[in-house]
Amino acid sequence: MDVFTDTPYFGNPVAVVLGADGLSGEQMQLFARWTNLSETTFVLAPQASGADYRVRIFTPARELPFAGHPTLGTCHAWLEAGGRPADPGAIVQECEAGLITVRRTDAGLAFAAPPRVRSGPVEDEVTERVTRALNLARSDIVDIAWADNGPGWVAVLLGSADAVLAVQRPDAVDLDIGLAGPYPSGSAETIEVRAFSPMITSIEDPVTGSLNASLGQWLLESGRVAAPYVASQGTAMGRRGRVHVSRDADGQVWVGGGTVTCVSGTVEL
């Protein structure tokens, strides 16, 4: 599946294996290592009450409790294969992080952003690590905060989208760093986003659901953006990811976008 795009091969890919109940965790990890995508998911029968299906999410190196674009890609694949949710208005995914609700929107599928496990100010030592990794001056950073919802994101706000795009991709990072910078008022997109994460990938991630979820929570709470808005991500990698962020009357942040099937076939394990 390609996620956060309506045009195949311009978003963020995820491999989705349906009917994976007979596979062991070791087999899942083997296949995820072989695909070498940022994530590969495996769809199983639900165990929790209220869930429509269960998913296990693997990077090439480890299993994750939750990830954003794999959630949307998995839901797309499950629905395309004939999955029918108990509630037509909401699909409920079971994963290690709990039950995640996915709904259909005009912009595509959208997941309910999970609560952050860590937020608030970043320690000076962490800020110094961020500036060294990205070759920034402290004065380049407008604001910085923890935005950890599983992947341990440190959210960094720069002065503009151009400033975000000008950052040179680091050779290596030992933090999960998310960058954001605003576009001029009146632009089709509100912010430009980039993600550097040793947990997700050894290189820059094209379009990142978990980061945009926690970024959205932080930026909306601080009043720096207004909902709904569209985040652009992947520009520096030749992608055209578009992430639609909204907030409902109860304050729940939703993260969504387009999902398209690019490849289908049979997995031999």
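In this predicted model, a good place to begin is R118, whose charged end sits over the ring of W146 at 3.8 Å from the ring's centre. A similar arrangement involves R240, which lies over the face of F10, with 3.9 Å to the ring centre.

From charges over rings we can turn to rings that pair with one another. A search of the whole structure finds five aromatic pairs. One of them joins F31 and F42, whose ring centres are 6.4 Å apart and whose planes stand at 75° to each other, an edge-to-face arrangement. Because F31 belongs to helix α1, residues 25-35, while F42 belongs to strand β4, residues 40-44, this pair ties together parts that are 11 residues apart in sequence. Both partners are covered by the rest of the protein to the degree that counts as buried: F31 has a relative accessible area of 12%, and F42 has one of 0%.

A further pair brings together Y53 and W78, and here the ring centres are 4.9 Å apart with the planes at 40°, so the arrangement is described as tilted rather than edge-to-face, a term kept for angles over 60 degrees. This pair, too, links distant parts of the chain, since Y53 is in strand β5, residues 53-58, and W78 is in helix α2, residues 68-80, with their positions 25 residues apart in sequence. Y53 is buried, at a relative accessible area of 1%, and W78 is likewise buried, at 12%. Beyond single pairs, ring pairs also link F31, W34, F42 and F58 into a cluster, and the edge-to-face pair of F31 and F42 has both its members in that group.

The next element to follow is helix α5, which runs over residues 209-221 and so contains 13 residues. From its first C-alpha to its last the helix reaches 18 Å, close to the 18 Å expected at 1.5 Å a residue. How enclosed is α5 by the rest of the structure? Of its 13 residues, 12 are buried, so the helix is largely enclosed. The buried residues include G209, S210 and L211 towards one end of the list and W218, L219 and L220 towards the other. An α-helix has 3.6 residues a turn, so residues three or four places apart point the same way. After the helix comes G223, whose phi is positive, near 75°.

E221, which lies in α5, is exposed, with a relative accessible area of 55%. The side chain of E221 meets that of R116 in a salt bridge, with 2.5 Å from N to O. Because R116 lies in the loop between β9 (108-112) and β10 (118-121), while E221 lies in the helix, the pair ties together parts that are 105 residues apart in sequence. R116 itself counts as partly exposed, at 22% relative accessibility.

This contact belongs to a wider set, for the count comes to nine salt bridges. Another of them is formed by E189 and R242, whose closest N and O atoms are 3.1 Å apart. E189 is placed in the loop between β13 (176-182) and β14 (191-196), and R242 in strand β17, residues 241-247, so that the pair links parts of the chain 53 residues apart. E189 counts as buried, at 19% relative accessibility, a value that falls just inside the limit of under 20%, whereas R242 is partly exposed, at 26%.

E204 and R194 form a further salt bridge, with their closest N and O atoms 2.9 Å apart. Since E204 lies in strand β15, residues 204-205, and R194 lies in strand β14, this pair ties together parts that are 10 residues apart in sequence. Both of these residues are buried. Elsewhere, salt bridges that share partners join E125, R129 and D174 into one network.

Two other places complete the tour. D143, found in strand β11, residues 141-148, is partly exposed, with a relative accessible area of 25%. D143 and G159 are 16 residues apart in sequence, and their C-alpha atoms are 9.2 Å apart in space. On the surface, L30, V267 and L269 form a nonpolar patch, which together has about 240 Å² of accessible area. Of these, V267 lies in the segment after β19 (259-260) and is partly exposed, with a relative accessible area of 34%.

Notes:
Residues numbered from 1 in each chain as written. Predicted model: local features only at pLDDT ≥ 70, side-chain atom pairs only at ≥ 80, totals over all residues. Heavy atoms only, no water. Patch = residues over 30% accessible without salt bridge, like charges linked within 9 Å, V, L, I, M, F, W, Y side chains within 5 Å. Areas by Shrake-Rupley, 256 points an atom, 1.4 Å probe, with all protein chains shown as cover. Salt bridge = Lys/Arg side-chain N within 4 Å of Asp/Glu carboxyl O. Helix = DSSP H or I, 4+ residues; strand = E, 2+ residues; numbered from the N terminus. Buried < 20%, exposed > 50% of the residue type's maximum accessible area, 1.4 Å probe, protein only. Expected span 1.5 Å × (residues − 1). Phe/Tyr/Trp six-rings, centres within 6.5 Å; stacked < 30°, edge-to-face > 60°. Lys NZ or Arg CZ within 6 Å of the ring centre and 35° of its normal.
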